[in-house]
Amino acid sequence: MARSYVYNAQDLFDFMVRFFRKLGVPKDRAEITAEILQSADLRGVSSHGIIRLQTYYGNRLQKGLIDPLANNEVIRETPASLSLDGKNGLGQVAGKDAMLRCIEKAKTSGVAMVTVRNSNHYGIAGYYAMMALEHDMIGISFTNSQPLVAPTFGKNRLLGTNPIAVAAPAFSEKPFVLDMATSIVPIGKVTVFDKAGDQLPEGWAVDSDGKPTIEPKSVLNGGALFPLGGPEILRGYKGYGLALWVDIFSGVLSGAAFGKNVADPNKSTNANVGHFFAAMRLDAFRDPDEFKQDMDALFQQLKTAEKAIGQDRIYIHGEKEFELSDKYKKEGIPLLEEVVKSLQVAGEAVGVPFDLAAIGEIVIDPAHSGN
């Protein structure tokens, strides 16, 4: 069990902005990056939130491995497509600019696609897909990442956790928002089990010989994650195929690094992460209100279906996260005690003290909760 302290969401946002500003990030870009990091914490995806403030962004900014002033540069363009070079800037800044351009193109062309090369980690993929919703569009976003996943029948880390995000609007129901890694779990989850002294569930990972393991240290010390689905007998090749698909769209198509060439964030080299975005205008295919009403009808079919024994609700993708976001905005965002300590150290090091007053505290089991 671990103690968590609860903080006001606005206070955490303001701290992140001050932190980034101290590291030379202009105010507007600091706010974009902080907003996207906080969107992860609000939606319960804590592995992509403020926990990475120093471990990824602050660390790489301080080492000069991210250019806080970089602007996306156009490489190729057609009426319905755009290829951008992120110039090694903050991934959130590059990603939001790319998706905004994608949406603008889709307003004219009906469907648009944008790639970004030479970028960095951009936070949660779902944020960018959801940007399309207010425009009566379907949004899509992929990104590749450092290799952590072994291909089916392989033993080495060759692919990233390579997330897929899709968002589609509904009428009265909450929008459909699928935001998922193509690995069976994130590597951070293995670290949590290791710190808790717990063994992993079977089918999560392999050791350095490519053999399935339930020992967290075997994974962290040279092992690899299984793709979504797990071993081949459980059809893990499907997750492997999805991860490869994301790498093709985000890495190969964009001209970014791909596979094992995506840099480890702890190494002193440019990450050269690649992203892919798409937006599709609903009225390019049918009346938007009719589409959204049919989405409601589809969701109601699922939510009113007979429940399995012991279950009282069937969820649509995104529902839990929307409800959690509403809760955390009102009641505050919980941060594990060790995360708070790391923020205090990071803040002190750059001259931005993490002196926020907690508004509550709770005790949770980190090994069996979260992402």
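**Exercise 1. A serine in a loop**

Ser-145 sits in the loop between strand E5 (137-143) and strand E6 (164-168); work out whether Ser-145 is buried or exposed and what the side chain of Ser-145 reaches.

*Solution.* A word on the input: this is a predicted model, where local features need pLDDT of at least 70, side-chain atom pairs count only at pLDDT 80 or more, and totals for chains, interfaces and linings use all residues. Residues are numbered from 1 along each chain as its sequence is written, and side-chain values use heavy atoms, with hydrogens and water left out.

Step 1: check the cover. Ser-145 has a relative accessibility of 15%, so it counts as buried (buried is under 20% relative accessible area, exposed over 50%, partly exposed in between, with a 1.4 Å probe and protein chains only).

Step 2: list the contacts, meaning heavy atoms within 4.5 Å. Skipping neighbours within four places in sequence, Ser-145 is in contact with Gly-160, Thr-161, Asn-162 and Val-262.

Step 3: look at the side chain. The side chain of Ser-145 gets to the backbone nitrogen of Thr-161 at 3.2 Å.

**Exercise 2. Two more serines**

Find the elements that hold Ser-39 and Ser-119, then say what each one touches.

*Solution.* Step 1: start with Ser-39, which belongs to helix H2 (residues 27-42). Helices (H or I, at least four residues) and strands (E, at least two) are DSSP runs numbered from the N terminus. Ser-39 has a relative accessible area of 13%, so it is buried. Beyond four places in sequence, Ser-39 is in contact with Ile-124 and Tyr-127.

Step 2: move on to Ser-119, which is part of strand E4 (residues 111-119). Here the relative accessibility is 0%, so Ser-119 counts as buried. Again leaving out residues up to four places away, Ser-119 touches Gly-89, Gly-91, Ala-94, Ala-271, Asn-272, Val-273 and His-275.

Step 3: pick out the polar pair. The side chains of Ser-119 and His-275 make a polar contact at 2.8 Å. The term covers a pair of N or O atoms within 3.5 Å; within protein, one must be able to donate a hydrogen and the other to accept it, and residues adjacent in sequence count only if both atoms are side-chain atoms.

**Exercise 3. Positive phi**

Which elements flank Lys-87 and Arg-235, and what are the phi angles of Lys-87 and Arg-235?

*Solution.* Step 1: Lys-87 is in the loop between strand E3 (81-85) and helix H4 (91-109). Its phi is near 55°, a positive value in a residue other than glycine, and Lys-87 is partly exposed at a relative accessible area of 35%.

Step 2: Arg-235 lies in the loop between strand E10 (224-225) and helix H8 (237-252). Arg-235 isn't a glycine, yet has a positive phi of about 65°. At 39% relative accessibility, Arg-235 is partly exposed.

**Exercise 4. Around helix H3**

What do the buried residues of H3 pack against, and what does Gly-24 touch?

*Solution.* Step 1: the buried residues of helix H3 (residues 52-62) are Leu-53, Tyr-56, Tyr-57, Gly-58, Asn-59, Arg-60 and Leu-61. They pack against helix H1 (9-22), H2, H4 and helix H11 (337-350). Just after H3, Gly-64 takes a positive phi of about 75°.

Step 2: Gly-24 is in the loop between H1 and H2, and is partly exposed with a relative accessible area of 38%. Outside four places in sequence, Gly-24 touches Pro-68 and Leu-69. The C-alpha atoms of Gly-24 and Pro-68 are 6.7 Å apart, across 44 residues of chain.

**Exercise 5. The whole chain**

What radius of gyration does the protein chain have, and how much of the chain is buried?

*Solution.* Step 1: count elements. The protein chain has eleven helices and 13 strands. Its radius of gyration is 20 Å, close to the 21 Å that the globule rule gives for 371 residues, so the protein chain is as compact as a globular protein of that length (the radius is taken over C-alpha atoms, and the rule is 2.2 Å times the number of residues to the power 0.38).

Step 2: add the extent. Along its principal axes, the C-alpha trace spans about 55 × 55 × 45 Å.

Step 3: finish with burial and contacts. Buried residues make up 49% of the 371 residues. Of the contacts with a separation of 6 or more, 69% join residues 24 or more positions apart.
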